[in-house]
Amino acid sequence: MLRQVTHTDRIVTLDYANGATARFHAVWLRDNALDPTTRAPGNGQRLITIGDIPADLSIGAAALAGDALSVTFLPENKTVTFPADWLAAHAYDRDQDHPIGWTAPGITTWESGIAAPGADWTAVHTNPAAKRDWLAAVAEFGFARLTGGPAEPGALLKVADLFGYVRETNYGRYFEVRTEVNPTNLAYTGLGLQAHTDNPYRDPVPTLQILYCLENSAEGGDSIVVDGFRAAERLRDANPEGFALLAGYPARFEYKGADGVCLRARRPMIELSPDGQLVAIRFNNRSSAPFVDIPFDRMEAYYAAYRQLAEFIDDPAMGVAFKLEPGESFIVDNTRVLHARTGYSGAGSRWLQGCYADKDGLLSTLAAMEAAAPEAAE
């Protein structure tokens, strides 16, 4: 609760009943004014540009208005009210120094001891709370299973329909993961696959992948997931210089498939935001192109860090393994969680279908559901 308001011509200072204080600049308050001439009432989009804010903007008055802040801006002589809880949620007058490789609030990194999050097919299609919890698990842990679905081709599209849209690629709306005589991708063989993120040669990469099981009677072929953010944290703690090399220089990735397909991307294996937040992991030995953007005198150290990251990713203590049954699927955040599989024999059959989708749709659906029922989301 607000206790007191003071101001200069450029800054408003709020004192809270709990002893905390927060400062806000005049230009920030004016840019984020909540009145209907600044923000569209229907969708909240801003109706003014930065150029519409007077360059000589100042604060003419600032006072408490119940548990809200009332500010009058000059020379417009415009008065705007800001709820106290809105200001608290958007306060920026705080320590914003983060350690390199920090993760966003709400993300939990993990190793093999985690109980794989999951939900039931019927529940997520009929119960909004079950659907919300399943989406929240993907947002927090980067993956989740779905059991009890129909073992019918194309059912994976109904998984994507729960939150968004399929992202179509050169592989089609969805693709078959089973042994082929002349495969265009090693995923279509019975070979085991090292944990990897998919399609690092795309810019942007698909941010979600869904893998759906239709048949799985072959010996082997277990699915494995690894938290790439946790692997990056381990590298950061064990070898800060190596972490900085993988984050500071771009790797190169390439895929040449069928006629007319030649995909290339130049991005770091460990991607950080400007303030050091872990944003994405790109790791795929099959699709790595020659690294040519690392200085000569740092190349060996770069490869040493690359090897060390791979060792953490391959560490059995990092992976969560499970064997999909027909009608079961799992979804991974392809910017964070790597997936792998053990090799499988020619006896029996293993048939999965896969597709890509975009994380913004999942996070949007989750946020809208939480806003509609905030008490249930806590």
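## Overall build

Among contacts between residues at least 6 apart in sequence, what percentage join residues at least 24 apart in the protein chain? The figure is 73%. This is a predicted model.

The protein chain has 378 residues, and 48% of them are buried. Its secondary structure comprises 10 helices and 20 strands. Along the principal axes, the C-alpha trace spans about 80 × 60 × 45 Å.

## Surface and charge

About 18,000 Å² of the protein chain is exposed. Carbon and sulfur atoms supply 52% of that area.

Negative side chains number 48 and positive ones 33. The centres of the two sets lie 4 Å apart.

## Cysteines

How many disulfides does the structure hold? The count is zero. Cys213 is one of the cysteines in no disulfide. For Cys213, the nearest cysteine sulfur belongs to Cys355, 15 Å away. A disulfide needs the two sulfur atoms within 2.5 Å, so that pair does not qualify.

Is Cys213 buried or exposed? Cys213 has 0% relative accessibility, so it counts as buried. Cys262 has 40% relative accessibility and therefore counts as partly exposed.

## Around Thr207

Thr207 sits in a loop. The loop runs between β10 (193–196) and β11 (208–216). Relative accessibility at Thr207 is 18%, so the residue counts as buried. The cut-off for buried is under 20%.

Which residues does Thr207 touch, not counting those up to four places away in sequence? One set is Val332, Asp333, Asn334 and Thr335; also touched are Ala357, Asp358 and Lys359. With Lys359 there is a polar contact as well: the side chain of Thr207 reaches the backbone nitrogen of Lys359 at 2.7 Å.

## Around Pro250

Pro250 also has a loop position. Here the flanking elements are α7 (240–248) and β13 (251–256). Its relative accessibility is 15%, so Pro250 counts as buried.

Leaving aside neighbours within four places in sequence, Pro250 is in contact with Arg266, Arg267 and Pro268. Asp293 and Ile294 are also in contact with Pro250. How far apart in space are Pro250 and Val292, C-alpha to C-alpha? The distance is 8.8 Å, while 42 residues separate Pro250 and Val292 in sequence.

Definitions and conventions
Residues numbered from 1 in each chain as written. Predicted model: local features only at pLDDT ≥ 70, side-chain atom pairs only at ≥ 80, totals over all residues. Heavy atoms only, no water. Buried < 20%, exposed > 50% of the residue type's maximum accessible area, 1.4 Å probe, protein only. Helix = DSSP H or I, 4+ residues; strand = E, 2+ residues; numbered from the N terminus. Contact = heavy atoms within 4.5 Å. Areas by Shrake-Rupley, 256 points an atom, 1.4 Å probe, with all protein chains shown as cover. Lys, Arg positive; Asp, Glu negative; His and termini not counted. Charge placed at Lys NZ, Arg CZ, Asp CG, Glu CD. Polar contact = N/O pair within 3.5 Å; in protein donor to acceptor, adjacent residues only side chain to side chain.
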